[in-house]
Amino acid sequence: MLENINQNKVFGGWHKQYTHESKTLNCTMQFAVYIPENICANNPAPVLYWLSGLTCTDENFMQKAGAFKKASELGMIIVAPDTSPRGALVPDDPQGSYDLGLGAGFYLNATQKPWVTHYQMYDYIVHELPGIVKEFFPVNGQRSIAGHSMGGHGALTIGIRNPDKYTSISAFSPISHPMICPWGVKAFTAYLGEDRHDWKQYDATELLSSNGCSLPILIDQGEADNFLQEQLRPQDLQEAALQSKTNLHLRMHPGYNHSYYFIQSFIEEHLEFHARYLKKALQDN
């Protein structure tokens, strides 16, 4: 059962926040949705799922990205989930670091204790949340996926692994090769264990190297991003895309960093990118 805990009218549509009991994550979860004006059961819309980065919740993108006006013009619903399970019983990093535990779910299915009971974010994003959205909101069955940083990693891996469920993928400053960056190694070791073979299913560069991807991918990366070389490594993903003949467009932007100022600057182009493919998919069906 959904509980609407907050709502605000914006550009004629509605931004709403909901909570629900997640069977996948075994806790209460919160997500946000933007529904443009005139979208209803008789006029359903496609959905863009936005996955946020480390330390974020459903609120960061919705409050900072400036996406509502363009989404309203395009007739696109946006759904923004939280970045991890939450609650008093959900384990957190005992060291209190920002890159593991609460706010740092990494959009994977954990296999190791104490994380395995709650940290099943891959299944939540791919299966449970879309099922809820389909049941309670006026959607037409077409969906795309996007994200930022850790959420960019999630969007890439989920989209690449599920080309039948999405029409397009985009990311800002994604963690492109987590198996060889500090954030990824720390998270994967904790959540998945020491066997690096198990890590590959959650690494976009490894996935493209092995199987490529049939979906179009757009990536924007700021050249002034402090995390660029050590944590993000978009050049690895680009090389894997070239080798696998994947339709990936990487755009590098001088002067831009890792912040939502960067996302604000190009979010409308990402929405237009997804709208093209969502419209084509609907026409093809």
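**Core.** I began with the largest nonpolar core of this predicted model, and among its 66 residues I found that F106 and Y191 touch the most other members. I then looked up which element supplies the largest share of this core, and it is α3, with eight residues. A second core, separate from the first and made of 24 residues, also turned up, and I noted F68, A71, M76 and I78 among its members.

For Y191 I listed the contacts, leaving out residues up to four places away in sequence, and obtained L100, G101, A104, G105, F106, L108, A110, T111, Q112, W115 and Y119.

**Loop between β5 and α3.** I next went to F106, which is found in the loop between β5 and α3, and I recorded it as buried because its relative accessibility is 0%, the cut-off for buried being under 20%. Its phi is near 60°, a positive value in a residue other than glycine. Y107 lies in that loop between β5 and α3 too, and here I read a phi near 55°, again positive and again in a residue other than glycine. Y107 also counts as buried, at 0% relative accessibility. I marked both backbone values for the notebook because most residues other than glycine have a negative phi.

Further along I checked P114, which I place in the loop between β5 and α3, and found that the peptide bond joining K113 and P114 is cis, with omega about 0°. I flagged this bond as well, since most peptide bonds are trans.

**S84.** I then asked myself what the side chain of S84 reaches. S84 is found in the loop between β5 (77-81) and α3 (121-136), and its side chain reaches the backbone nitrogen of G103 at 2.8 Å. With a relative accessible area of 0%, S84 is buried, and its contacts beyond four places in sequence are M29, G101, L102, G103, A104, G105, Y119 and M121. Reading this against my earlier entry, I see that G101, A104, G105 and Y119 are listed for S84 and are listed for Y191 as well.

**H20.** In strand β2 I looked up H20, which is buried with a relative accessible area of 4%. A polar contact of 2.9 Å joins the side chains of H20 and Y124. Y124 is also in the list of residues that H20 touches, not counting those up to four places away in sequence, and the list includes M1, L2, C27, T28, M29, F31, E128 and I132.

**F11.** Is F11 buried, exposed or partly exposed? I found F11 in the loop between β1 (3-10) and β2 (13-22), and with a relative accessible area of 48% I entered it as partly exposed. Its contacts, again without residues up to four places away in sequence, are Y34, F68, K69 and S72; of these, F68 is one I had already noted in the second core. I also took the separation of the C-alpha atoms of F11 and E21, 10 residues apart along the chain, and got 30 Å.

**Helices α6 and α8.** Last, I examined how α6 (residues 204-211) and α8 (residues 234-244) pack, and noted an angle of about 10° with the axes 8 Å apart. The two helices are therefore roughly parallel to each other, as angles under 35 degrees count that way. On the α6 side the contact is made by A204, T205, L208 and S209, and on the α8 side by D236, L237, A240, A241 and S244. I sorted these residues into five nonpolar, three polar and one charged.

Methods
Residues are numbered from 1 along each chain as its sequence is written. This is a predicted model: local features need pLDDT of at least 70, side-chain atom pairs count only at pLDDT 80 or more; totals for chains, interfaces and linings use all residues. Side-chain values use heavy atoms; hydrogens and water are left out. Helices (H or I, at least four residues) and strands (E, at least two) are DSSP runs, numbered from the N terminus. Buried means under 20% relative accessible area, exposed over 50%, partly exposed in between (1.4 Å probe, protein chains only). A polar contact is a pair of N or O atoms within 3.5 Å; within protein, one must be able to donate a hydrogen and the other to accept it, and residues adjacent in sequence count only if both atoms are side-chain atoms. Contact means heavy atoms within 4.5 Å. A nonpolar core is a set of buried Ala, Val, Leu, Ile, Met, Phe, Trp, Tyr and Cys residues joined through side-chain atoms within 4.5 Å. Axes are lines fitted to C-alpha atoms, for helices over the stretch in contact, and angles run from 0 to 180 degrees between N-to-C directions. Angles under 35 degrees count as roughly parallel, over 145 as roughly antiparallel, 65 to 115 as roughly perpendicular and the rest as oblique. Ala, Val, Leu, Ile, Met, Phe, Trp, Tyr, Cys and Pro count as nonpolar, Asp, Glu, Lys and Arg as charged, and the others, Gly among them, as polar.
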